[in-house]
Amino acid sequence: MSSVEMPKLPDSQKTYAGIPEAVFVEDVDTFMAQSENENNSDKVLRKLDEQHGKYKFMELNIATKRRKLKQQIPDLAKSLEMINILRNQSDDMETQFLLSEQVFVKTTIQPTKTVCLWLGANIMLEYPLDEAEELLKQNMDSAIVNLKCLEHDQDFLRDQLTTTEVNMARVYNWDLKRRQAAKAASTTPASS
């Protein structure tokens with residue numbers, strides 16, 4: 001499992017899925033003074049909230065893909081194990097297989113040199129054992145690489161979510177201080 005290497009990222013990218021990087025707001029005063037922000041904290045918070053929502057959507061997508069791959073890898077391993085059993089089989093073998101949920105059927109498996117594999121989209125093809133093993137190993141390697149890429153992207157995405165949440169808190173606090181200062185200035189009596 002660890003022998004499979006992740007593909008290299010292009011120099012300009014930090015993720016495999018092309019997730020945009022959240023920029024940390026170092027100086028809130030300078031950030032809010034930029035022309036696109038116009039010192040309007042509501043507008044900036046809406047923009048940051050929208051960005052946060054997009055990151056959350058990406059996180060859900062990645063988690064779903066990751067869950068599917070984590071289910072697929074053991075299935076591929078079981079299929080590879082079954083091919084080895086069929087390859088080493090010399091006599092008839094009695095077994096049970098799942099017909100439908102909670103319904104098993106006893107059957108006898110004769111020695112064979114071929115196996116049928118589901119390819120998806122309701123397509124099943126018959127392969128010689130060697131070709132089936134090669135295809136399953138390729139699928140296993142691909143699934144492992146995809147899982148590692150998704151885990152990398154998921155880690156990056158968590159950082160972007162955190163950065164966006166911190167930015168939202170900093171802009172909110174900046175606005176709160178500004179309002180408190182304006183309120184304090186308006187309630188302070190003018191000295192003559």
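Helices are DSSP runs of H or I with at least four residues, numbered from the N terminus. The exercises below concern a predicted model.

**Exercise 1. Place Val171 in the secondary structure and decide whether Val171 is buried or exposed.**

Step 1. Val171 belongs to helix α3.
Step 2. The relative accessible area of Val171 is 0%. The cut-off for buried is under 20%, so Val171 is buried.
Step 3. For a long-range reference, take Asn84, which is 87 residues from Val171 along the chain. The C-alpha atoms of Val171 and Asn84 are separated by 61 Å.

**Exercise 2. Describe how the axes of α2 and α3 are arranged, and give the make-up of the contact.**

Step 1. Helix α2 spans residues 41–88 and helix α3 spans residues 129–187.
Step 2. Their axes come within 7 Å and cross at roughly 160°.
Step 3. Angles over 145 degrees count as roughly antiparallel, so α2 is roughly antiparallel to α3.
Step 4. The crossing of α2 and α3 is left-handed.
Step 5. Sorting the residues of the contact of α2 with α3 gives 28 nonpolar, 12 polar and 18 charged.

**Exercise 3. Work out the sense in which β3 and β4 pair, and find the bridge partners of Thr114 and Leu117.**

Step 1. Strand β3 covers residues 114–120, and strand β4 covers residues 123–128.
Step 2. The two strands pair in the antiparallel sense, over 6 bridges.
Step 3. Thr114 has Pro128 as its bridge partner in β4.
Step 4. For Leu117, the bridge partner in β4 is Leu125.
Step 5. The hairpin of β3 and β4 has 2 residues between the strands, and Ala121 in this hairpin takes a positive phi near 50°.

**Exercise 4. Locate Glu38 and Asn39, then compare their phi values with the general expectation and classify their exposure.**

Step 1. Glu38 is found in the loop between α1 (28–33) and α2. Asn39 lies in the loop between α1 and α2.
Step 2. Most residues other than glycine have a negative phi.
Step 3. Glu38 is not a glycine, yet its phi is positive, at about 50°. Asn39 is likewise a residue other than glycine with a positive phi, near 55°.
Step 4. Glu38 has a relative accessible area of 53% and is therefore exposed. Asn39, at 38% relative accessibility, counts as partly exposed.

**Exercise 5. State where Asp92 sits, classify its exposure, and give its C-alpha separation from Ile109.**

Step 1. Asp92 is in the loop between α2 and β1 (93–100).
Step 2. With a relative accessible area of 52%, Asp92 is exposed, since the cut-off for exposed is over 50%.
Step 3. Asp92 and Ile109 are 17 residues apart along the chain, and their C-alpha atoms are separated by 5.6 Å.

**Exercise 6. Count the disulfides and classify the exposure of Cys116 and Cys149.**

Step 1. A disulfide requires a pair of cysteine sulfur atoms within 2.5 Å.
Step 2. Under this rule the count is 0 disulfides.
Step 3. Cys116 has a relative accessible area of 42%, so Cys116 is partly exposed.
Step 4. Cys149 stands at 9% relative accessibility and therefore counts as buried.

Notes. Residues numbered from 1 in each chain as written. Predicted model: local features only at pLDDT ≥ 70, side-chain atom pairs only at ≥ 80, totals over all residues. Heavy atoms only, no water. Buried < 20%, exposed > 50% of the residue type's maximum accessible area, 1.4 Å probe, protein only. Pairing = 2+ DSSP bridges. Axes fitted to C-alpha atoms, helices over the stretch in contact; angles between N-to-C directions. Parallel < 35°, antiparallel > 145°, perpendicular 65-115°, else oblique. Left-handed = near helix turned anticlockwise from the far one by under 90°. Nonpolar A, V, L, I, M, F, W, Y, C, P; charged D, E, K, R; others polar.
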